[in-house]
Every structure is written in C-alpha cells, then in structure tokens.
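Please open the model in your viewer and keep the selection tool at hand. The stops that follow say what to select next and what is found there.

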Amino acid sequence: MDLHAAEALVAEHGAHRVMTALGPYLTEARRTRIDHVVSGRVAGVHVAVEAPSDPHNAAAVVRSAEAFGVLGVHVIAAEPRALHARNTTQGAFHWVHTRHHHDLTGFLAEVRRRGMTLAGASMDGSVPVTRLPVDAPLCLLLGNETRGLSQAAREACDVSFHVPMVGMSESLNLSVTAAVSLFEVLRRKRASGERGDLCADDRDRLRACYYLASVDPRMVKAMFVHPPTERTHGC
C-alpha cells in the first residue's frame, strides 16, 4: 500500500483506531523500528527531478530521500513509473510521498502553496550546497541528466546551488548529486538536535500509515475497506 492510499484510510478511520487494530499483528521490533523512523521524518525538505531521461535515476533519488528521512519526492514531465522502479528503490516509495507532475506549472504551484524555497542544482550555481538556507521549508530541484534544468525551471528558482568539487570531473551523476545535497541539507537542519520536524499529530498519522504498509493488504482490506457487517437476527 502506498502512502497516499494509507493516508486516505487513516483520515477515514483515525490513527488511533488503525494502530490499535493492527498493533497486535506487528512484532515489537517492527513497531520500534517504525517509531524510530517516524521520529526522524522531515516534511520541511523535498526533492524534485525535472524530465529525467532514465527512470532508474529518479527512482534512486527516492531511495536516498527515504533513507535520509525526507517525506516528499517529486518528478516532473516523466513516466509515472519513474519513482516506482522496485529494484532500484527497494520499495522505498512505500514510505514517502511521491508526486508526478505533468508539467512544471503544476509542480511550481504545489511548491509555492507549501511556502517552500526552490533551490535549483546547477554546475554554475551561485551558492554552494553547504550554504543553502535550512531555516525554512526547502525543495531541491534537479534537472535532466544531460541538459540540466530547463530555462523555465531556472527562472522559477529562488536560488541556484552547486556541489563543490575539486577533481577533474565537471559534474556528478543525477542521483549522486541528489544524495550528497540531501545529506548536507539535512545534516545542517538537524544540527539543532531535532531528528525530525513533524508535530505529534502528524507523527501519529504517519505511524498509522506505516502500520498499514507493514501488514498483508488482504488484512487491511478486510478490516478497513470492506469490514464485516453485524448480523441481525429475526424474532
């Protein structure tokens, strides 16, 4: 079950009911692992890829984002499967929000609605990734493996950044750039000592979603999608 479907069920039935119903079917180790992961989730940092040529590169970004605690991953003007390549993501897309945007306009509308600073990756970016602002919501935007960001995307960015390098190579692989950038941004964001940035209610809702994703889908369907009805007895 993906995170969007799980959120719909949690919204309908409530986080407490979902966790109470499914908790007995999870091992203590699994519940502890979920608690640890949820406490480290960061909603204030997103990452996006514009028009990737290779869907496996976009999928690799999902895996890095999930591993570092990021909740939101976007892809723009790409096949829907770009973020869901199972072999590359190792199932990481089950634990993060993946959003597919048909064009740049739709993506920018969501970023602006969330009040995020949009930082575009570029070899000639004016700011090193080590100096990107992390005290407000931030979305990192990476471009096509060959062409980089489109001109429209460049113009829409609030800031452009680069990953400092000292070797002969002029650029890094798309997924490597994403991983290095996310690691650095999140390292600095967590410097204050807080692992994640979710409020208590959001942590409960996400925990319930992870419970749903951790059990057999048939159990979820039986309990929450088509729950058994009470029988009535005639006189």
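For the first stop, a patch is taken to be made of residues with over 30% relative accessible area and no salt bridge, nonpolar side chains being joined within 5 Å. With that in mind, and remembering throughout that this is a predicted model, select M165, L172, V176 and V180, which form a nonpolar patch on the surface with about 280 Å² of accessible area together. Within this selection, V176 can be found in helix α8, and its relative accessible area of 37% makes it partly exposed.

**The nonpolar cores**

In soluble globular proteins, nonpolar side chains tend to be buried together. Move inward, then, to the largest nonpolar core, which has 28 residues, and highlight V47, L132, L140 and V185, the members with the most contacts inside it. To see where this core draws its residues from, colour β1 (42–50), α4, β2 (70–76), β4 (117–121), β6 (138–142), β7 (159–162) and α8, each of which supplies at least two of them. Which element gives the most to this core? It is α8, with 5 residues.

Centre the view on V185 and display its surroundings: leaving aside residues up to four places away in sequence, V185 touches V45, V129, L132, V134, L138 and L140. Apart from the largest core lies another one, of 24 residues, and I34, V37, L71 and W95 are among them.

**The aromatic pairs**

A pair of aromatic rings is described by the distance of the centres and the angle of the planes. How many aromatic pairs does a search of the whole structure find? The search finds 2.

Select F68 and F183, whose rings are arranged edge-to-face, with 5.8 Å from centre to centre and 65° between the planes. Because F68 lies in helix α4 (residues 55–68) and F183 in helix α8 (residues 174–189), this pair ties together parts that are 115 residues apart in sequence. F68 counts as partly exposed at 26% relative accessibility, and F183 is likewise partly exposed, with a relative accessible area of 47%.

Now turn to W95 and Y210, which also form an edge-to-face pair, here with 5.0 Å centre to centre and 85° between the planes. This pair, too, links distant parts of the chain, since W95 sits in the loop between α5 (86–89) and β3 (97–101) while Y210 belongs to helix α9, 115 residues apart. Are these two residues buried or exposed? Both W95 and Y210 are buried.

**The salt bridges**

Side chains of opposite charge can pair when their charged atoms come close. A search of the whole structure finds 10 salt bridges, and the tour visits some of them.

Stay in helix α9 (residues 200–213) and select R207, which has its place there. Around R207, not counting residues up to four places away in sequence, the contacts are M19, I34, D35 and V38. Why does R207 count as buried? Its relative accessibility is 15%, and buried means under 20%.

One of the contacts just listed, D35, forms a salt bridge with R207, the closest N and O atoms being 2.7 Å apart. As D35 lies in helix α3 (residues 28–39) and R207 in helix α9, the pair ties together parts that are 172 residues apart in sequence. D35, at 34% relative accessibility, counts as partly exposed.

Add D204 to the selection, because its side chain meets that of R207 in a salt bridge as well, at 2.7 Å from N to O. D204 and R207 are 3 residues apart in helix α9, so about one helical turn separates them. D204 is partly exposed, with a relative accessible area of 30%. Salt bridges that share partners thus join D35, D204 and R207 into one network.

For the last stop, select R114 and E110, which form a salt bridge with the closest N and O atoms 3.3 Å apart. Here R114 is partly exposed, with a relative accessible area of 32%, whereas E110 is buried, with a relative accessible area of 11%.

How values were computed:
Residues are numbered from 1 along each chain as its sequence is written. This is a predicted model: local features need pLDDT of at least 70, side-chain atom pairs count only at pLDDT 80 or more; totals for chains, interfaces and linings use all residues. Side-chain values use heavy atoms; hydrogens and water are left out. Helices (H or I, at least four residues) and strands (E, at least two) are DSSP runs, numbered from the N terminus. Buried means under 20% relative accessible area, exposed over 50%, partly exposed in between (1.4 Å probe, protein chains only). Contact means heavy atoms within 4.5 Å. Rings of Phe, Tyr and Trp (its six-membered ring) pair if their centres lie within 6.5 Å; planes under 30 degrees apart count as stacked, over 60 as edge-to-face and the rest as tilted. Patches are made of residues with over 30% relative accessible area and no salt bridge: like charges are joined within 9 Å, nonpolar side chains (Val, Leu, Ile, Met, Phe, Trp, Tyr) within 5 Å. Accessible areas come from the Shrake-Rupley method with a 1.4 Å probe; for residues, only the protein chains shown count as cover. A salt bridge is a side-chain nitrogen of Lys or Arg within 4 Å of a carboxyl oxygen of Asp or Glu. A nonpolar core is a set of buried Ala, Val, Leu, Ile, Met, Phe, Trp, Tyr and Cys residues joined through side-chain atoms within 4.5 Å.
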